[in-house]
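Grab a pencil and keep the viewer open. Work through each task before you read its solution.

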Amino acid sequence: LAVLSCHLTAGSSVMASEEEKALAAAPSDSPTIFDKIINKEIPATVVYEDDKVLAFRDIAPQAPTHILIIPKNKDGLTGLSKAEERHTEILGHLLYTAKLVAKQEGLEDGFRIVINDGPQGCQSVYHIHVHLLGGRQMNWPPG
Ligand code: TR5
């Protein structure tokens, strides 16, 4: 349902109903599709992996390079808004991994990092993830 309000092309007049928004706004700490990717139950194109994080290509790329970087152990981090002091190390590791992968992908001219949080932030998977986007000119402000 978040897809309705968050992933339509810019300028669309179609809006999700309040009920749809409320449903889309129901984050949970239960397993997500990303757990299945971590456990290799479903395939993903992994571009980087270490003991703490996994980076793989987004299934619906929004740029020539679109990679998601996630912690293998969610540890309550459904989204950035749930971060606690104990998460500072993994949060830094996620960002540092984004830098490594950007270099690996040849994004010398720049890239963008995005962390969507909650319904208004257009978060659709409740396992924290850093989007790494690059390979084209980005715009500002973002949609
Ligand atoms: O909208 P947010 O910020 O929560 O980002 C979630 C991202 O996960 C979106 O960009 C989706 O395209 C991406 N996604 C969703 C699935 C998926 C995926 N990326 C890789 N592989 C995926 N599988 C196998 N299944 C998904 N449902």
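The exercises below go from the overall layout down to single residues, and the model they use is a predicted one.

**Exercise 1. Layout of the chain**

Task: Find how many helices and strands the chain has, and work out in which order they come.

Solution:
- Step 1. Count the elements: there are four helices and five strands.
- Step 2. Walk from the N terminus, and the order reads α-α-α-β-β-β-α-β-β.
- Step 3. Look at burial across the chain: of its 143 residues, 22% are buried.
- Step 4. Turn to the contacts between residues at least 6 apart in sequence: 59% of these join residues at least 24 apart.

**Exercise 2. Building the sheet**

Task: Work out the strand order of the sheet and say which strands stand at the edges.

Solution:
- Step 1. Go pair by pair. β1 and β2 are antiparallel and share three bridges, with Glu-49 opposite Leu-54 of β2.
- Step 2. Next, β2 pairs with β3 over five bridges, again in the antiparallel sense; here Val-53 sits opposite Pro-71 of β3.
- Step 3. β3 and β5 are antiparallel too and are joined by five bridges, and Thr-65 faces Gly-134 in β5.
- Step 4. Finally, β4 and β5 run antiparallel with three bridges between them, and Arg-112 has Leu-133 in β5 as its bridge partner.
- Step 5. Put the pairs together and you get an open five-stranded sheet, β1-β2-β3-β5-β4, with antiparallel pairing.
- Step 6. β1 and β4 each have a single partner strand, so they stand at the edges, with one side of each lacking a neighbour in the sheet.
- Step 7. For the twist, neighbouring strands are turned by 20° against each other on average, ignoring direction.

**Exercise 3. Covered strands**

Task: Decide how many residues of β3 are buried, then do likewise for β5.

Solution:
- Step 1. In β3, six of the seven residues are buried, so the rest of the structure largely encloses this strand.
- Step 2. β5 is mostly covered, with four of its five residues buried.

**Exercise 4. The two faces of α4**

Task: Sort residues of α4 into buried ones and exposed ones on the face turned away from the buried side.

Solution:
- Step 1. Check the geometry. α4 covers residues 88-104, which makes 17 residues, and it reaches 24 Å from first to last C-alpha, close to the 24 Å expected.
- Step 2. Pick out the buried residues: Leu-94, Thr-97, Ala-98, Val-101 and Ala-102.
- Step 3. Look down the axis of α4: the buried residues fall within an arc of 140°, so they line one face of the helix.
- Step 4. The spacing makes sense, because an α-helix has 3.6 residues a turn and residues three or four places apart point the same way.
- Step 5. Now flip to the face turned away: Thr-88, Glu-89, Gly-92, Tyr-96 and Lys-103 are exposed there.
- Step 6. Ask what the buried residues of α4 pack against: β1, β2, β3, β4 and β5.
- Step 7. Follow the chain past α4 and you meet Gly-106, which has a positive phi near 75°.

**Exercise 5. Into the core**

Task: Find which residues have the most contacts inside the largest nonpolar core, and which elements give two or more residues to this core.

Solution:
- Step 1. The largest nonpolar core counts 20 residues, and those with the most contacts inside it are Ala-55, Ile-67, Ile-69, Ile-70, Ala-98, Val-101 and Leu-132.
- Step 2. α3, β2, β3, α4 and β5 each give two or more residues to this core.
- Step 3. Zoom in on Ile-69: leaving out residues up to four places away in sequence, its contacts include Ala-55, Ala-98, Val-101 and Leu-132.

**Exercise 6. Odd backbone spots**

Task: Find which residues a cis peptide bond joins, and where Lys-40 and Cys-122, two non-glycine residues with positive phi, lie.

Solution:
- Step 1. The cis bond joins Trp-140 and Pro-141, with omega about 0°; Pro-141 is in the segment after β5.
- Step 2. Lys-40, with phi near 60°, is in the loop between α3 and β1. It has 9 C-beta neighbours inside 10 Å, so Lys-40 counts as exposed.
- Step 3. Cys-122, with phi about 65°, is in the loop between β4 and β5. Its 17 C-beta neighbours inside 10 Å make Cys-122 partly exposed.

Conventions:
Residues numbered from 1 in each chain as written. Predicted model: local features only at pLDDT ≥ 70, side-chain atom pairs only at ≥ 80, totals over all residues. Expected span 1.5 Å × (residues − 1). Buried ≥ 20, exposed ≤ 12 C-beta atoms within 10 Å, placed from the backbone. Arc of directions from axis to C-beta. Contact = placed C-beta atoms within 7 Å. Core = buried A, V, L, I, M, F, W, Y, C linked by C-beta atoms within 7 Å. Pairing = 2+ DSSP bridges. Axes fitted to C-alpha atoms, helices over the stretch in contact; angles between N-to-C directions.
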